[in-house]
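Let's take a friendly walk through this chain, moving from a single residue out to the strands, the helices and a few backbone details. Keep the viewer open as you read.

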Amino acid sequence: MTDGTTASSGSRARPRVGWIAKGAALLATIGADPEDDEELQQKKALLVVLAVLILPVSAVWGTLYLAFGSPVGIVPYIYLAVSVGSLVVFARTRSFRLLLVVQLLDVLLTTTAGQMLVGGFLPSGGVGLWGILAPLGALVFLEVRQAVRWFGAFVLVFLLLGILGEVLFPNADLPAWFTSTMLALNVIGAGSVAFTLLASFASQRDAAMRALRAEQEKSEALLMNILPSSIAVRLKAATQAIADHFESASILFADVVDFTPLAQRLAPAEVVGVLDQLFSRFDTLVERHGLEKIKTIGDCYMAAAGVPDPRPDHARQAALLALDMQEAVATSAIAGQPGLELRIGINSGPVIAGVIGTKRFLYDLWGDAVNTASRMEAHGTPGEIQITRTTYELLKDEFVCRRRGTIQVKGKGRMETWYLVRSRSDDARTEEGAYSETSGRADRA
């Protein structure tokens, strides 16, 4: 029986809530324009709801005064007529500005005029307090500087008409209990509407702050994805260009050989999908080994170790990344394509790094070491990791390298290069360890 009673009570409560929601939704359609943005739609709906809520209050207020024989009861009905008329005009013209000005003037002038006609501040039961809704409404719906003017107008009109009531108009012959009751009702009523306005304003402010924080987080996350985290932090506080010099770093270029002919045979979505899958794996490896992805150019991938945070083992980390990239390609979507292999070049040396541009910021590297690393990739062999003597000297004790010999390098002349084979730590786990060590010592000799 208890469950049935509860269910019955719930079923009776739901239609009531639905009726209120439907009523508010219906009021929100008054003066609505499909071309309005979301903010204007909310302002229109709030103003209409507030105007309609005050209408019955004014009717009750006027009826009570008329019942006690006070002609001042006509003033609330004047307010009601002006308010309803402005809503009718608003439904036709959809002019929010006109409705707002009329409503603010209506509540400001009629309430303070009623205060004057009853005989001043106390005899009116504080009805002039309703006039404070004019500057508060302006604060919610207009700019602050405009709201300040409305507040000044309220103070002036409230004091002027109140004093005139005290001086020129006799005290209305109303019972003391009625005046006290009206004072309480006016304070509660005006305070309730004022609280509703401020609550709406606070709600909009909080929503705007949440949206702003969310956008800031998105912007910062995007900036962190585009730039190294330490550079992003510096960029946000920078007053001048970001440019750094690093005495020693290692730069890696990796290119998918013969990818262009393959791309011509595939649909655009497939081309992007293949590169996205492969380069996403590269991104993971770059982060794992502590390097920094610099950029991608077509099917070429560039990364660096030792920038923007210097580290003594930059060559080692670049080498480990290169070896893992080879393995990633061997298990990727392009592994089964004939002739498609990864060609990698690495060089070590001093570089200049910085952020260029004002749109689509790019953290980039410059210097001979960068150009040489690019040449190592361009003049390399598919499936191999070609390194310069500078990088070889940094790696020879920890990695097995195979001497390629002297090659002609564009813009550099003849250069001695090596192929990076594997890490020496792998020798203990392979049957070829002894041979590899012998080859490695012969190479170094």
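W418 lies in strand β8; helices (H or I, at least four residues) and strands (E, at least two) are DSSP runs, numbered from the N terminus. W418 is buried, with a relative accessible area of 1%, where buried means under 20% relative accessible area, exposed over 50% and partly exposed in between (1.4 Å probe, protein chains only). From C-alpha to C-alpha, W418 is 9.2 Å from T391 in space, and the two are 27 residues apart in sequence.

Before going further, a word on the source: this is a predicted model, in which local features need pLDDT of at least 70 and side-chain atom pairs count only at pLDDT 80 or more, while totals for chains, interfaces and linings use all residues. Residues are numbered from 1 along each chain as its sequence is written, and side-chain values use heavy atoms, with hydrogens and water left out.

Which residue stands opposite W418 of β8? The partner of W418 is I387, and the strands involved, β6 and β8 (residues 413-423), run antiparallel and are joined by three bridges. Two strands pair if DSSP finds at least two bridges between them. Strand β6 (residues 385-388) is covered on both faces, with I385 and I387 buried on one side and Q386 and T388 buried on the other. In a regular strand the side chains alternate between the two faces of the sheet. β6 is also joined to β4 by three bridges, and here the strands run parallel. In this pairing Q386 of β6 has G345 opposite.

Following β4 (residues 342-356) leads to β1, since 12 bridges join these two antiparallel strands. One of the pairs matches A243 with G354 in β4. β1 also pairs with strand β3 (residues 300-305), again in the antiparallel sense, over six bridges. There, F253 has M302 of β3 as its bridge partner. Strand β1 (residues 243-256) is mostly covered, with 10 of its 14 residues buried.

Now for the helices. The axes of helix α3 (residues 74-93) and α4 come within 9 Å and cross at roughly 180 degrees. Axes are lines fitted to C-alpha atoms, for helices over the stretch in contact, and angles run from 0 to 180 degrees between N-to-C directions. That crossing makes α3 roughly antiparallel to α4; angles under 35 degrees count as roughly parallel, over 145 as roughly antiparallel, 65 to 115 as roughly perpendicular and the rest as oblique. The contact (heavy atoms within 4.5 Å) includes Y79, L87 and F90 of α3 and F96, D106 and L117 of α4. Its residues divide into 12 nonpolar, five polar and one charged. Here Ala, Val, Leu, Ile, Met, Phe, Trp, Tyr, Cys and Pro count as nonpolar, Asp, Glu, Lys and Arg as charged, and the others, Gly among them, as polar.

Helix α4 (residues 96-118) also meets helix α6 (residues 144-168): their axes come within 8 Å and cross at roughly 25 degrees. That makes α4 roughly parallel to α6. Among the residues making this contact are R97, L104 and M116 of α4, together with W150, F154 and G165 of α6. By type, the residues of the contact of α4 with α6 come to 14 nonpolar, five polar and one charged.

How many residues of helix α5 (residues 133-141) are buried? Eight of the nine are, so α5 is largely enclosed by the rest of the structure. The buried residues include L133, P135 and F141.

Finally, some backbone details. Most residues other than glycine have a negative phi, and most peptide bonds are trans. R94, in the loop between α3 and α4, has a positive phi near 60 degrees and is partly exposed, with a relative accessible area of 38%. D258, in the loop between β1 and α9 (259-265), has a positive phi of about 60 degrees although it is not a glycine. D258 is partly exposed too, with a relative accessible area of 47%. The peptide bond from V307 to P308 is cis, with omega near -5 degrees, and P308 lies in the loop between β3 and α11 (314-330).

Stepping back to the whole chain, its secondary structure comes to 14 helices and eight strands, and buried residues make up 42% of its 445 residues.
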